[in-house]
Amino acid sequence: MLANKLIFSLKSAGLLSLGLGLLAAPAARAAVRLPRLVSDGMVLQRDQPLRLWGWAAPGEKVSVALLGKTYTATTGADGRWQVQLPAQKAGGPYELKIDATNHLVVRDVLVGDVWLCSGQSNMETPMSRVRDRYPQEVAQANNPRIRQFEVPMAYAFNGPRADVTGGSWVATTPESILKFSAVAYFFAKEIQAKYNVPVGIIKDAVGGSPAEAWLSADALKQFPTYEQQGAKYRDSALVAGTKQREGAAVADWYKRLHQADQGEQPGQPKWSAADYNASDWATMQVPGYWADRTPLGPVNGVLWFKKEVDVPASMVGQPARLELGTLIDADSTYINGKLVGTTGYQYPPRKYDFGPGVLKAGKNVITVRLISNGGRGGFTMGKEYRLVAGGQTIDLKGPWQYKLGGTMPPTPGTTTFQYQPGGLYNGMIAPVLPYAVKGVLWYQGESNAGHPQDYQALLTGLIQDWRTHAQRPALPFIYAQLPNFQAVKKEPSESGWAALRDAQRRTLAVPHTGMAVLLDVGEWNDIHPLDKLTVGHRLALAAEQVAYGDKQVVAAGPLFQSAQTTGNKITVTFSDPGSTLVAKGGGLLTGFAVAGADKKFVWAQARIEGNKVVVWSDQVAAPVAVRYAWADNPEGANLYNKAGLPTSTFRTDDF
């Protein structure tokens, strides 16, 4: 995660230095101007009053015309104007006309449902990342009634911004869908099909962001530690100086790495060259981490890997792809001396497409220059490593040659400014909240799993904060619970991910909220699981109940309500079994653990009795607590309802 945060900081450093002080309204000129959200192709929220706003000269009269009716306003001393439109029925396309000293026309306006989709990378993940899993979905995407506005990443610490820094409304096509949030798209597709209205997605998410970055200054007052952490960044000179100093340190690290790398020394044969002789290199089994698979141990710096493969003539002369799972951390990858792909941090799947002319019949050499910034470098376990062309596949798992190019200390730490408390609220949420929406979709929590004890208060505070600033006290807030992740543990143990899931479950006490349980859609070796269709579907079910008032839909799996101990057994009652409890797949019910007064949990037996579950263990004569799915990756947790929806992680203790 350190390397990931470093890369996010580096990627954003140049962009984020722009306009940090531009917190005033973006128009001081006489000509009327509109926020970027109010633009061609926009989707307006149906069936609720609408605010439209903009900027012009103080005292300027502005008129807004929609569907044959005109609404007027006069710009205040701050240069801002606002009109209130009555609720509109779904429909369009329409034109919106604005007149002042100048004349503006906003074209192709639809009225339907708008969803603000926020959180971290699993909300941000675009369809391009999952296109191999959903090729037909991409190929057939051609729906002008589903549109996305992507808010560019921006942060600010000296108050809310008046407008987002860019973006435009984009309708769904096979080309444009690749930039849509995958979760939000699948959600929107289901909502659009069910209610037959246009759906607008406001993609407003930042990879790696913790919840506190999305809180306003008012909300942060509830959290003094976070408030103090964010306050220091109001000093723009400190921010600029920190960027300069840290950027220089990282640049120097890479300069020294390049100088130390024996594979790229001037005047010496390049290790990436097609004819380089690597016969004296050692071998390592791939996939795996070199700390485990080689005598090198957890060294950081740059390692080079090579593998010779015999390519049949039938694979030559046509487009091909090299798949290398995910690599930790950054790679440059060559085939026969030609660079076929490079990636700057660990999480993106390495799927390098290249054209004819790279592969040749017979011996081919794949070379990977792999940089480890800090931690354990290598090839992620459980992923695909293969060369594909002409419908044929060559498996690349197994022995690879390797050689250490150069050793370095871990990369110098950097401040990821977009993760600091309050910054993303000011830069990306405050400018959006005046825009009327149906509700919020939220997929976040991975970056708070290290301190889950704060999360229920943070998420509750965030919901109330956004509702207050949107002037919508009952704004529907639908969120995704963290999925299963990381290696399975054989015995019950503590888990930050489970504790955070439980905090998310408890947040359902806030009115007008809904949660999608995702314990069965994660991947143990990937924090960005590919199954975004199930996520979108379960979020849609929750939204149908909470936001659309559909009381007939089974929106979620069984939710823990209470537990009663009798003798050596604990009986667990669920508040919404949703068409009765089942053990998915049949067989024994698993995933439960119990503990006695010694607080030591052991796996328990469990059976369904009506809409309750009875739990016990012969090792615990007097149980005092029960837990379910209490693990980072609760493999085998199989309590569902007949609608096919899983039970959330829960615990009855506060150990």
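Pro93 sits in strand β6, which covers residues 91-99. In this predicted model, the peptide bond between Gly92 and Pro93 is cis, with omega about 10 degrees. A second cis peptide bond is found between Ile328 and Asp329, where omega is also about 10 degrees. Asp329 belongs to the loop that runs between β15 (327-328) and β16 (330-335).

**Residues with positive phi**

Some residues take a positive phi, and they are listed here with their places in the chain.

| Residue | Phi | Location |
|---|---|---|
| Asn196 | about 55 degrees | just after α4 |
| His512 | near 65 degrees | loop between α11 (496-506) and β26 (513-516) |
| Lys599 | about 65 degrees | loop between β30 (592-595) and β31 (601-603) |

His512 is a residue other than glycine, and Lys599 is likewise not a glycine. His512 has a relative accessible area of 40%. Because this value falls between the 20% limit for buried and the 50% limit for exposed, His512 counts as partly exposed.

**Helix α4 and its packing against α12**

Asn196 comes just after helix α4, which is made up of residues 182-195. The helix has 14 residues, and at 1.5 Å a residue they should span 20 Å; the C-alpha atoms at its ends are 20 Å apart, so the expected and modelled spans agree.

Helix α4 packs against helix α12 (residues 532-546), with the two axes 7 Å apart and at an angle of about 50 degrees. That angle makes α4 oblique to α12. The crossing of the two helices is right-handed.

Which residues of α4 meet α12? On the α4 side they are Ala182, Val183, Phe186, Phe187, Glu190, Ile191, Lys194 and Tyr195. Their partners in α12 are Lys532, Leu533, Val535, Gly536, His537, Leu539, Ala540, Ala543 and Glu544. Sorted by class, the contact has eleven nonpolar, two polar and four charged residues. In an α-helix there are 3.6 residues a turn, so residues three or four places apart point the same way. Among the α4 residues in the contact are Ala182, Phe186, Glu190 and Lys194, and also Val183, Phe187 and Ile191.

The buried residues of α4 are Ala182, Val183, Ala184, Tyr185, Phe186, Phe187, Ala188, Ile191 and Gln192. Ala182, Val183, Phe186, Phe187 and Ile191 are buried and also take part in the contact with α12.

Conventions. Residues are numbered from 1 along each chain as its sequence is written. This is a predicted model: local features need pLDDT of at least 70, side-chain atom pairs count only at pLDDT 80 or more; totals for chains, interfaces and linings use all residues. Side-chain values use heavy atoms; hydrogens and water are left out. Axes are lines fitted to C-alpha atoms, for helices over the stretch in contact, and angles run from 0 to 180 degrees between N-to-C directions. Helices (H or I, at least four residues) and strands (E, at least two) are DSSP runs, numbered from the N terminus. Angles under 35 degrees count as roughly parallel, over 145 as roughly antiparallel, 65 to 115 as roughly perpendicular and the rest as oblique. A crossing is left-handed if the near helix is turned anticlockwise from the far one by less than a right angle, and right-handed if clockwise. Contact means heavy atoms within 4.5 Å. Ala, Val, Leu, Ile, Met, Phe, Trp, Tyr, Cys and Pro count as nonpolar, Asp, Glu, Lys and Arg as charged, and the others, Gly among them, as polar. The expected span of a helix is 1.5 Å times one less than its number of residues. Buried means under 20% relative accessible area, exposed over 50%, partly exposed in between (1.4 Å probe, protein chains only).
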